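User: I'd like to go through the labels on this one and check each against its cut-off. Can you take me through them?

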Amino acid sequence: MVKSNIRNNIRKLRFNANEMTQQELAEKVGATRQTIHHIEKWKYSPSLDLAFRIANVFRVSLEDVFQYDDIN
Amino acid sequence: MNISFKEKSILTSLIITILIFGYYFIYIFRAMNDPNPNESELIGFFFRMVVLMIIIEIASHITLAIAFKKEANEGYDERDKIIELKAIKISYWILILGVLITGVNIIIEISPLISANILWLIFIIAEITGDTIKLFYYKRGI
């Protein structure tokens, strides 16, 4: 399984947003639930466009959602 | 094992293609061993297989859509498009190879029936490879 170098806090942010489901987030950002699932599992790095839309849903900056990890 | 609707759909198409055209090529290979193959019968067999595949594909996808109604309504997003493009890229190179082989067949004057079936075989291989690549990326991640 390929792991992305881009880490994220989406699971935590969803929990803090009244336990928003992956499906709800997917609908808000115009993606599929599978894509949100793969982003959370670090198996897919979203486009900048999708990354900004996710950050906008939680009303936080991009860096609060995604971090680059160059250890791998 | 948890697989998405898209994976189920691709897997269904893959199995249908392998079964129908596996049978088709076994039949054609046997017919080609005949020194005087009945060309019109083989062409008719080809069209029957294509029609059969279309009918089974439609029926199976309608069944899948009814069984997984909620997932079936989910559209395609950027990840699906990237996976689709990666699969098309590999399939494209296989099809290019098919065109080159067909060109050589024309030069060395192989029977048009054999030549057409080689081209069709490469098309089916490209299709199977494309579907397999999609399943691979859906499972492994990109």
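Analyst: Here is how the labels come about, starting with the ground rules. This is a predicted model, in which local features need pLDDT of at least 70 and side-chain atom pairs count only at pLDDT 80 or more, while totals for chains, interfaces and linings use all residues. Residues are numbered from 1 along each chain as its sequence is written, and chains are lettered from A and ligands numbered from 1 in the order in which they are written.

User: What makes up chain A, element by element?

Analyst: From the N terminus the order is β-α-α-α-α-α-β, so the count is 5 helices and 2 strands. Helices are DSSP runs of H or I with at least four residues, and strands are runs of E with at least two, numbered from the N terminus.

User: How do you know whether chain A agrees with a compact globule?

Analyst: Set the value against the rule, 2.2 Å times the number of residues to the power 0.38, with the radius of gyration taken over C-alpha atoms. For 72 residues a compact globule would come out near 11 Å, and chain A has 11 Å, so the two agree. Its C-alpha atoms fill a box of roughly 30 × 25 × 20 Å along the principal axes.

User: Why is Glu19(A) called exposed?

Analyst: A residue is exposed if 12 or fewer other C-beta atoms lie within 10 Å of its own, buried at 20 or more, and partly exposed in between, with C-beta atoms placed from the backbone. Glu19(A) has 8, so exposed is the label. Glu19(A) sits in the loop between helix 1 (10-16) and helix 2 of chain A, and its phi is near 50°, positive although the residue is not glycine. By that burial cut-off, 25% of the 72 residues of chain A count as buried.

User: What makes Glu109(B) buried or exposed?

Analyst: Glu109(B) has 8 C-beta neighbours inside 10 Å, so this residue counts as exposed. Glu109(B) lies in the loop between helix 4 and helix 5 of chain B and, without being a glycine, has a positive phi of about 55°.

User: Why is helix 4 of chain B called roughly antiparallel to helix 5 of chain B?

Analyst: Angles run from 0 to 180 degrees between N-to-C directions, and axes are lines fitted to C-alpha atoms, for helices over the stretch in contact. Under 35 degrees counts as roughly parallel, over 145 as roughly antiparallel, 65 to 115 as roughly perpendicular and the rest as oblique. Helix 4 (residues 78-107) and helix 5 (residues 112-140) of chain B pack at about 165°, with axes 8 Å apart. That makes helix 4 of chain B roughly antiparallel to helix 5 of chain B.

User: How do you know which label fits helix 1 of chain B against helix 5 of chain B?

Analyst: Helix 1 (residues 5-32) of chain B packs against helix 5 of chain B at about 155°, with axes 10 Å apart. So helix 1 of chain B is roughly antiparallel to helix 5 of chain B as well.

User: And which residues meet between helix 2 and helix 4 of chain A?

Analyst: Contact means C-beta atoms, placed from the backbone, within 7 Å. Leu25(A), Lys28(A) and Val29(A) of helix 2 meet Leu50(A), Arg53(A), Ile54(A) and Val57(A) of helix 4 in chain A. The axes of helix 2 (residues 22-29) and helix 4 (residues 48-58) of chain A are 9 Å apart, at an angle of about 115°.

Note on methods. Two residues are in contact if their C-beta atoms, placed from the backbone, lie within 7 Å.
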